[in-house]
Amino acid sequence: MTKTFSFVLNKTDGAARTGVMKTPRGDIRTPAFMPVGTAATVKAMMPESVRATGADILLGNTYHLMLRPTAERIAALGGLHKFMNWERPILTDSGGFQVMSLSGMRKLTEEGVVFQSHYDGSKRNLTPERSMEIQKLLGSDIVMCFDECPALPADRKRLEDSMDMSMRWAKRSRDAFGDRPGHALFGIQQGGLEEDLRKRSADALQDIGFDGYAVGGLAVGEGQEAMFDCLDFAPDQLPVDKPRYLMGVGKPDDIVGAVKRGIDMMDCVLPSRSGRTGQVFTRNGVVNIKNARHADDPRPLDENCACPACSNYSRAYLHHVFRSQEMISGMLLTWHNLTYFQDIMQGMRDAISAGTFAAWEADFHEGRAQGDI
Ligand SMILES: CNc1nc2c(CCNC[C@]34C[C@H]5C[C@H](C[C@H](C5)C3)C4)c3nc(N)[nH]c(=O)c3cc2[nH]1
Ligand SMILES: [Zn+2]
């Protein structure tokens, strides 16, 4: 077991890469998909089930946990890994993105953000320093800088001013993080869809120096085409030998397109959240299990899937328990969706290693062309 954090690139195929992030709590195979554990749980999943889907790392959250049960309480109880019984790596986001999307009243200044808790309306604040303190109390292995993610579309001046402030906050995050062997601090590139702003952001982050670099400020309403256009240049502006993390992405075809353009890791609520709403991702497209046409269907969701839902249950059963709002419905559909997302990652890791990514991608798109099945 290693005492330090490191990233090894094993193979590339075009712009796509496969490698391993080594941490004291375990290895992370890249490209990696990180299931989201918002309030110290991946909803409807036991931690051992999350591991069974193939996940090497999961994502926690500063914003939610600082409000409830508080980072101090989690630290007093032994840290987030012990608290939620997940001993493998955890990455925590810095909270800024959530404040802007979840909280009530909020005031953004050079110091940080003052906001109203969406739980009890109490006045709270987040600064780069406080975000680093919270993530340290949680004990997360990969810490994200405190940044501001502007909503798109935004005018160029807004994007420039916001990016410049996020770079000042990145420096403050780095200084507050200190020297923590075995723990990583990732910088977050901003700059909207502007190539020159993104370049300035990437250079500013490299001057500060980070263990990994996120492409932030995307998946905020720009659409897949604009996101891919940005990913045609943004990853290459970042150091080639460090992990590249695209935040908040995405649907299966977003994920494949991002890996194709040089992204190493992603997170998204989609597989877990949609599992609870009956939306099921399969190799042949999306299945809406609540649709009446599944009521008598004895087939599994996806005969190529080894998850418990596909191994032991019919579509008819999954339709029934969803319609009846039984708890097992969210469990089985979440387990399936997370397994499917991890199977996509494994398929890409294998294809990049074999130099057959283009063929794998063609097969991926061909299989899904059938739409709702
Ligand atoms: C969806 N699109 C998108 N997301 C984004 C996120 C959050 C990533 N997921 C963490 C998160 C966010 C929510 C939901 C879950 C749990 C917890 C609260 C942490 C994942 C982002 N986070 C930061 N710090 N900066 C960004 O630019 C950014 C851009 C995003 N674009
Ligand atoms: Zn399955």
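A residue counts as near a molecule when one of its heavy atoms lies within 4 Å of that molecule. With that in mind, here are some close-ups of this predicted model.

**View 1. Ligand 1 and the residues around it.** By that cut-off, ligand 1 has 22 residues around it, and D93, D147, G217, L218 and A219 are the closest. Sorted by character, the shell comes out as 10 nonpolar, 9 polar and 3 charged residues. Two elements that each put at least two residues into this shell are strand β5 (58–61) and helix α5 (96–102). As for the site itself, ligand 1 takes up the space of the largest pocket.

**View 2. Polar contacts of ligand 1.** Zoom in on D93, and you'll find an N or O atom of its side chain 2.8 Å from a nitrogen atom of ligand 1. L218 joins in through its backbone instead: an N or O atom there sits 2.7 Å from a nitrogen atom of the ligand. Over at Q190, a polar side-chain atom is 3.0 Å from an oxygen atom of ligand 1. How much of ligand 1 does the protein bury? On its own the ligand would expose 630 Å², and the protein buries 89% of that.

**View 3. An aromatic pair, F281 and F341.** The whole structure holds 10 aromatic pairs, and this close-up picks out one of them. The ring centres of F281 and F341 are 5.5 Å apart and the planes meet at 80 degrees; planes over 60 degrees apart count as edge-to-face, so that's the label this pair gets. Along the chain the two partners are 60 residues apart, so to speak a link between distant parts: F281 belongs to strand β15 (residues 279–282), F341 to helix α14 (residues 327–354).

**View 4. The loop between α2 and α3.** Here's a short stretch with two backbone features to look at. R68 and P69 are joined by a cis peptide bond, with omega at about 10 degrees. P69 is in the loop that runs between α2 (62–67) and α3 (71–76). T70 lies in that loop between α2 and α3 too. What is the sign of phi at T70? Positive, at about 90 degrees, even though T70 is not a glycine.

**View 5. A cis peptide bond at V249 and G250.** No proline in this one: the cis bond joins V249 to G250, and omega is about 5 degrees. To find the spot, look in the loop between β13 (244–246) and α10 (252–260), where G250 lies.

Key: Residues numbered from 1 in each chain as written. Chains lettered and ligands numbered in written order. Predicted model: local features only at pLDDT ≥ 70, side-chain atom pairs only at ≥ 80, totals over all residues. Heavy atoms only, no water. Polar contact = N/O pair within 3.5 Å; in protein donor to acceptor, adjacent residues only side chain to side chain. Areas by Shrake-Rupley, 256 points an atom, 1.4 Å probe, with all protein chains shown as cover. 1 Å grid on protein atoms, 1.4 Å probe; cavity = no way out; pocket = protein on both sides within 12 Å on 5 of 7 lines; lining within 4 Å. Sits in = over half its atoms within 2 Å of the grid points. Helix = DSSP H or I, 4+ residues; strand = E, 2+ residues; numbered from the N terminus. Nonpolar A, V, L, I, M, F, W, Y, C, P; charged D, E, K, R; others polar. Phe/Tyr/Trp six-rings, centres within 6.5 Å; stacked < 30°, edge-to-face > 60°.
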